[in-house]
Amino acid sequence: SRFFILFIMDTKQQLKLKEWSKETVDCYLTEVKKVGECIATSFYNQSDLSRVSECDIMIIGINPGMGCLYSDWGEKNNITSDFLYYGNPCFKGKSNEVVISELFCWDLFKKMRKILDNSGKGYVLRYLDRFVISNMIFFGTLKAKDIPKGIDKEKCAKQTLKLIEILKPKVIVLLGKESRNLFQKVTGIQMKAITPDNAVFYCFYKDCHVISIYHTAYYRYYTNDKRRIIGNIIGDALDNPSKKIGKI
């Protein structure tokens with residue numbers, strides 16, 4: 001039956017995600033060992049991948065905006081091969097409803113919902129099985145420029161690309177120039193500006209639409225008109241997963 005086929009596909013994906021988590025944890029622990037626990041910071045993925053089924057949209061920043069020195073990190077003794085599979089430790093043991101309600105308190109999440117509401121797609125962010133929030137680099141710092149010196153950013157970003165290949169989202173939204181630049185560097189793809197103000201960039205990668213926008217923290221850019229334009233771009237991409245986007 002269709003249900004059985006979907007169940008098998010879902011199980012295969014979850015196994016791949018667990019394998020990815022193990023490999024990525026090992027990668028990050030290697031980076032910690034290389035630079036030292038007094039220089040490296042804590043690290044974590046955002047979305048709980050165990051709750052993801054069919055990913056419509058994947059939102060990717062440069063790195064988490066919170067962290068501490070690895071040597072001071074309370075979670076460092078609790079890291080297992082599944083640590084990144086289960087995502088942000090703050091979601092551990094909470095129901096889907098509680099996680100969603102907490103996400104809607106995040107400034108980034110509230111603004112992404114407003115953007116998507118312009119094309120009637122805001123509802124996607126109400127279902128944990130349909131979207132993923134992640135980063136190019138999982139080491140947490142207040143600002144991207146504070147990512148510890150010596151960390152191999154490209155090596156870390158390649159693990160995020162592997163996550164993309166497993167999830168196969170219809171649309172990837174890159175937040176901020178740093179995220180876009182690193183994505184371009186590790187993929188070798190030059191994204192093209194598609195809006196008259198040269199603020200929205202686009203490419204097609206691994207059968208996914210990739211749309212780069214200003215980080216939502218750049219509040220001055222996000223007028224009602226700009227939110228509408230970007231919301232419609234993302235909405236069209238979600239509705240037409242195989243049709244490449246041209247200039248607006």
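Gln-14 is found in helix H1, which covers residues 2-35, and this predicted model can be read outward from that residue. The structure holds 18 aromatic pairs and 16 salt bridges, and a selection of both is described below, together with a buried strand and two residues with a positive phi.

**Gln-14 in helix H1**

- With a relative accessibility of 11%, Gln-14 counts as buried, because the limit for a buried residue is under 20% relative accessible area.
- The side chain of Gln-14 reaches out to the backbone oxygen of Val-52, at 2.9 Å.
- When its neighbours within four places in sequence are left aside, Gln-14 is in contact with Leu-49, Ser-50, Val-52 and Tyr-85, and Tyr-85 is itself buried, with a relative accessible area of 4%.

**Strand E1 and the strands beside it**

- Strand E1 spans residues 57-61, and 5 of its 5 residues are buried, so the strand is largely enclosed by the rest of the structure.
- In a regular strand the side chains alternate between the two faces of the sheet.
- In E1, Ile-57, Ile-59 and Gly-61 point one way while Met-58 and Ile-60 point the other way, and all of them are buried.
- E1 is joined by 5 bridges to strand E2 (residues 131-135), and these two strands run parallel; within this pairing, Ile-60 has Ser-134 of E2 as its bridge partner.
- E1 is also joined to strand E3 (residues 171-175), here by 4 bridges and again in parallel, and the bridge partner of Ile-59 in E3 is Val-173.

**Aromatic rings**

- Among the 18 aromatic pairs, Phe-43 and Phe-83 have ring centres 6.1 Å apart and planes at 90 degrees, so this pair is edge-to-face.
- That pair links distant parts of the chain, since Phe-43 lies in the loop between H1 and E1 and Phe-83 in the loop between E1 and helix H2 (96-103), with their positions 40 residues apart; both Phe-43 and Phe-83 are buried.
- Tyr-85 and Tyr-86 form another edge-to-face pair, with 4.8 Å from centre to centre and 75 degrees between the planes.
- Whereas Tyr-85 is buried, Tyr-86 is partly exposed, with a relative accessible area of 40%.
- Ring pairs also link Trp-20, Tyr-28, Phe-43, Tyr-70, Trp-73, Phe-83, Phe-138 and Phe-139 into a cluster, and this cluster includes both members of the Phe-43 and Phe-83 pair.
- Elsewhere, Arg-180 lies over the face of Phe-201, at 3.9 Å from the ring centre.

**Salt bridges**

- One of the 16 salt bridges joins the side chains of Asp-26 and Lys-22, at 3.5 Å from N to O; both residues lie in helix H1, 4 residues apart, which is about one turn of the helix.
- Asp-26 is partly exposed, with a relative accessible area of 38%, and Lys-22 also counts as partly exposed, at 46% relative accessibility.
- Lys-155 forms a salt bridge with Glu-31, where the closest N and O atoms are 3.3 Å apart, and this pair links distant parts of the chain, with Lys-155 in helix H4 (residues 153-167) and Glu-31 in helix H1, 124 residues apart.
- Lys-155 is partly exposed, with a relative accessible area of 30%, whereas Glu-31 counts as buried at 2% relative accessibility.
- The side chains of Lys-76 and Glu-37 meet in a further salt bridge, at 3.5 Å from N to O, and this pair too links distant parts of the chain: Lys-76 is in the loop between E1 and H2, and Glu-37 is in the loop between H1 and E1, 39 residues apart.
- Lys-76 counts as partly exposed at 25% relative accessibility, and Glu-37 is likewise partly exposed, with a relative accessible area of 38%.
- Salt bridges that share partners join Glu-31, Lys-34 and Lys-155 into one network.

**Residues with a positive phi**

- Asn-198 has a positive phi of about 55 degrees although it is not a glycine, and it lies in the loop between strand E4 (192-193) and strand E5 (201-205).
- Asp-207, which is not a glycine either, has a positive phi of about 65 degrees and is found in the loop between E5 and strand E6 (208-213).
- At 64% relative accessibility, Asp-207 counts as exposed.

Terms used: Residues are numbered from 1 along each chain as its sequence is written. This is a predicted model: local features need pLDDT of at least 70, side-chain atom pairs count only at pLDDT 80 or more; totals for chains, interfaces and linings use all residues. Side-chain values use heavy atoms; hydrogens and water are left out. Buried means under 20% relative accessible area, exposed over 50%, partly exposed in between (1.4 Å probe, protein chains only). A polar contact is a pair of N or O atoms within 3.5 Å; within protein, one must be able to donate a hydrogen and the other to accept it, and residues adjacent in sequence count only if both atoms are side-chain atoms. Contact means heavy atoms within 4.5 Å. Two strands pair if DSSP finds at least two bridges between them. Rings of Phe, Tyr and Trp (its six-membered ring) pair if their centres lie within 6.5 Å; planes under 30 degrees apart count as stacked, over 60 as edge-to-face and the rest as tilted. A charge sits over a ring if NZ of Lys or CZ of Arg is within 6 Å of the ring centre and within 35 degrees of the ring normal. A salt bridge is a side-chain nitrogen of Lys or Arg within 4 Å of a carboxyl oxygen of Asp or Glu.
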